[in-house]
Amino acid sequence: MVLIKLICKHCNGQMELDDSLEVATCRFCGTKHVIVRGAKSTDCKDVNEYVKEGIAFIEMGQFDKAYEHFKKAVDADPNNSDALGWYAIAMSRSSSPMLKSGASSAFEKSYRLSNNEEARGVIISAWLSHEVDFNRVYNAVDDTHKEVVIARMLEGVEKPFLGILLTYIGVFKFLLDVRGEEYVKETIIPKWIEQLKSLLSAGKIYPDPLLVEVAYHNLNDEEKRKAISLLATDACRWPRDTDHHKMRRAAVLRLSVQDEVAFKDAIRVESFLTFKESTQLARENAAFFRSKKEAEKKEKKAEKKGGFFSR
Ligand SMILES: [Zn+2]
């Protein structure tokens, strides 16, 4: 065993350590160090320095480089919540799918180890912008932070274009899970309807066709027409075998089967439907209204009968 002497970068205290070590802790101030072996000499580097360097790379948008720095810090000091939080952020933004998939566990560990309220709030936000399964975050945080998670989700609802498509649907499902159907119906959907109306008046539409479907039946006829023609026109900008096209097409067709306005407008958008497709749609649309009428008739009959017998 060879002993080497190094100076703590944090407090200038002298450390005497086994040359074979990879990491060292200063016995004066407790700062963790990574041992750096150069061609000529061995030195040590304060874990916090790695974190600082990593942050600088994050600020430059170089997440993979940042990751390398945070990894050194975390390897040396696995329970350093701060380093772990940054490590998780770098992973979540990494170009490597493997690293990305590990980010959630790192966020969770960082959250658990941290006793700094502000830092915990930052971790929750960063974690939520990465994690698609919001229930995972919700279940992992303390009771005091469950409301914070919901508040963040609601902010997402306020700013529809900040979220990625999947995230947006995820928010919907999540709020449905934790707050129930009634809450979503009363609080969330009215917001979406309002947003969709103002978007339509500006000639725009939600990037997510499923959200258009949720709000569609609350629009007036003119808004409905705009919504369908925007969805169908947008679908036509993409080749038929792309998801982008398929999602929009499916939404328009689903709406068209149950709604006269949608049906007429879907047919009107040029090159959206082939002749065969529009005849098929016309058949389905007619069948839908026929069965609806029949159901209504039955209901009326049942009402009459009920009235007769109850008298
Ligand atoms: Zn020290």
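Start by selecting residues 32-37, which make up strand 4, and then add strand 5: the two pair in the antiparallel sense over 5 bridges. Keep in mind that you're looking at a predicted model. To see one of those bridges up close, click on H33 and look across to strand 5, where its partner is D46. In general, strands in a sheet pair through backbone hydrogen bonds, either parallel or antiparallel.

Now bring in one more strand. Together, 3 strands form an open sheet in the order 3-4-5, with antiparallel pairing. Which strands sit at the edges? Select 23-25 for strand 3 and 42-46 for strand 5: each of these pairs on one side only. Ignoring direction, neighbouring strands in this sheet are turned by 35 degrees against each other on average.

Next, select residues 47-59. This is helix 1, and it lies across strand 4 and strand 5, running at about 65 degrees to strand 5.

Move on to helix 3, residues 81-92. Try a distance between its end C-alpha atoms: they are 16 Å apart, which agrees with the 16 Å its 12 residues should span at 1.5 Å a residue. Is this helix mostly buried or exposed? Since 10 of its 12 residues are buried, helix 3 is largely enclosed by the rest of the structure. Colour the buried ones, among them W86, Y87 and M91. Then show what covers them, including helix 1, helix 2 (63-76), helix 4 (97-113) and helix 5 (117-130).

Finally, zoom out. Colour 3-131 as domain 1 and 180-310 as domain 2. The C-alpha centres of domain 1 and domain 2 lie 51 Å apart.

Definitions and conventions
Residues are numbered from 1 along each chain as its sequence is written. This is a predicted model: local features need pLDDT of at least 70, side-chain atom pairs count only at pLDDT 80 or more; totals for chains, interfaces and linings use all residues. Two strands pair if DSSP finds at least two bridges between them. Helices (H or I, at least four residues) and strands (E, at least two) are DSSP runs, numbered from the N terminus. Axes are lines fitted to C-alpha atoms, for helices over the stretch in contact, and angles run from 0 to 180 degrees between N-to-C directions. Two residues are in contact if their C-beta atoms, placed from the backbone, lie within 7 Å. Domain bounds come from an automatic or database domain assignment. The expected span of a helix is 1.5 Å times one less than its number of residues. A residue is buried if 20 or more other C-beta atoms lie within 10 Å of its own, exposed if 12 or fewer, and partly exposed in between; C-beta atoms are placed from the backbone.
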